[in-house]
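Colleague: Please bring up the model. I should like to go through some local details first and then the wider picture.

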Amino acid sequence: MASHRRPKQPSRTRVTVLTTAAAAAVALSSQAANAAPSEKPSKDEVKTKVDKLYEEAEKATEKYNGAKEKQEKLQKEISTIQDNVARGQEELNELRDGLGSMASAQYRSGGIDPSLQLFLSADPDNYLDKASTLDQLSGQQVEALKKIQEKQRDLAQQRSEASEKLKDLSATRTELGKKKKEVQSKLSSAQKLLNTLTAQEKAALQAEEQRATRTSERQVLSDKSTPASGRAAAAFAAAQSKLGTPYVYGATGPSSFDCSGLTSWAYAQAGVGIPRTSEAQTGAGTRISSMSQLQVGDLVFFFNDLHHVGLYAGNGQVLHAPRTGTVVRYESMSTIGGPFMFGVRV
């Protein structure tokens with residue numbers, strides 16, 4: 001007789017595992033079918049991304065420069081205050097010694113005046129507030145007490161000012177560290193992108209830059225413009241002497257520069273002090289709105305946030321320190337990467 005037993009059904013666990021595996025296989029198959037093949041970015045795409053990273057790095061560099069300048073200024077101010085406090089304390093000690101000499105003289109002649117004795121063991125601020133006691137002191141003693149009171153108040157104010165500046169210095173150092181990390185991060189990302197290029201592609205990019213630089217040099221040499229002033233001519237000549245010097249963020253010369261480091265150094269060689277950062281340099285002279293009115297040696301500013309500056313070189317060219325990986329060079333103002341905002345005649 002034939003068996004009529006029902007076939008054994010697969011367990012629920014086994015069905016679930018099989019169903020899940022099948023679903024995963026279908027999903028992976030679908031993803032594989034729809035995924036675009038991985039493509040290496042082209043040379044021009046890499047250049048665009050790298051240029052953007054360098055622009056962001058330069059923004060951070062100018063913030064870094066500002067924080068560094070503020071740090072150096074605060075350190076000098078704190079040092080000056082601390083020196084003043086030290087000298088003031090010496091003067092205060094001398095005034096107290098003088099008052100002590102008065103007390104000694106009084107003691108030898110018959111005893112210390114009770115009011116003077118009270119002062120020597122109490123705070124002169126509280127003591128002098130009690131005007132009635134002044135009648136019990138000689139004019140010389142009153143004058144000595146007032147000088148001590150003024151000196152103590154002055155020292156307290158200076159110590160408070162130093163304390164606030166030390167807090168500001170601490171915050172500035174923190175900001176400086178953050179900006180330095182930001183710059184380094186952008187530069188590292190840019191370098192990783194550049195490393196994806198072949199040697200041939202890197203050579204092609206370098207050749208393009210060299211051709212553009214030679215074109216700008218010819219434009220500058222053919223320009224017959226008169227510098228804005230003798231000082232501008234001297235600053236421009238100083239900058240020209242640094243053609244080919246490498247760009248290094250935070251550098252102010254003479255062996256490397258960033259953009260505002262070059263302009264501030266160049267004008268310093270002409271005997272003119274201008275601020276360290278590009279944003280601060282916008283207030284170094286008379287603003288020139290039209291490019292047609294620019295003269296050789298004028299400061300020229302780019303990008304909406306004014307994070308890049310160079311020296312006008314004539315014929316629509318700028319002499320500047322462009323970015324990491326480049327050197328001080330001439331370049332057309334139309335290829336900077338950001339709009340010309342205005343010039344400043346120092």
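Colleague: What phi does glycine 271 take, just after α8?
Modeller: Glycine 271 has a positive phi of about 80° and comes just after α8; helices (H or I, at least four residues) and strands (E, at least two) are DSSP runs, numbered from the N terminus. This is a predicted model, in which local features need pLDDT of at least 70 and side-chain atom pairs count only at pLDDT 80 or more, while totals for chains, interfaces and linings use all residues. Residues are numbered from 1 along each chain as its sequence is written, and side-chain values use heavy atoms, with hydrogens and water left out.

Colleague: And why is α8 described as largely enclosed?
Modeller: Because 9 of the 11 residues of α8 (residues 259–269) are buried, where buried means under 20% relative accessible area, exposed over 50% and partly exposed in between (1.4 Å probe, protein chains only). The buried residues of α8 are Cys259, Ser260, Gly261, Leu262, Thr263, Ser264, Trp265, Ala266 and Tyr267.

Colleague: What joins glycine 253 and proline 254?
Modeller: A cis peptide bond, with omega about 0°. Proline 254 is in the loop between α7 (230–240) and α8. Most peptide bonds are trans, and most residues other than glycine have a negative phi.

Colleague: On that second point, which phi does phenylalanine 303 have?
Modeller: A positive one of about 75°, although phenylalanine 303 is not a glycine. Phenylalanine 303 sits in the loop between β2 (299–302) and β3 (308–314). Leucine 306 is in the loop between β2 and β3 as well, and its phi is also positive, near 60°.

Colleague: Is leucine 306 buried or exposed?
Modeller: Leucine 306 is buried, with a relative accessible area of 16%. Phenylalanine 303 is buried too, at 8%.

Colleague: Moving on, where is valine 318, and what does it touch?
Modeller: Valine 318 belongs to strand β4 (residues 317–320) and is buried, with a relative accessible area of 0%. Leaving aside residues up to four places away in sequence, valine 318 has contacts (heavy atoms within 4.5 Å) with Val300, Phe302, Gly310, Leu311, Ala313, Arg329, Tyr330, Glu331, Met333 and Ile336. The C-alpha atoms of valine 318 and methionine 333 are separated by 6.0 Å, with the two residues 15 apart along the chain.

Colleague: A change of topic: how many cavities of 30 Å³ or more are there?
Modeller: There is 1 of 30 Å³ or more, and the largest cavity has a volume of about 40 Å³. On a 1 Å grid over the protein atoms alone, a cavity is a set of points where a 1.4 Å probe fits but cannot get out, and lining residues have an atom within 4 Å of a point.

Colleague: Which residues line the largest cavity?
Modeller: Tyr54, Ala57, Glu58, Thr61, Val183, Leu187, Tyr247, Tyr249, Arg323 and Thr324 do. Helices α2 (43–108) and α5 (139–194) each supply at least two of the lining residues, and α2 gives the most, with 4.

Colleague: Finally, what about α6, and the protein as a whole?
Modeller: Helix α6 (residues 199–222) has 24 residues and reaches 35 Å from first C-alpha to last, close to the 34 Å expected at 1.5 Å a residue, that span being 1.5 Å times one less than the number of residues. Its buried residues are Glu201, Leu205, Thr213, Ser216 and Val220. The protein has 9 helices and 6 strands, and 38% of its 346 residues count as buried. Among contacts between residues at least 6 apart in sequence, 69% join residues at least 24 apart.

Definitions and conventions. 1 Å grid on protein atoms, 1.4 Å probe; cavity = no way out; pocket = protein on both sides within 12 Å on 5 of 7 lines; lining within 4 Å. Points joined across faces, edges and corners; volume = space filled by probe spheres on them.
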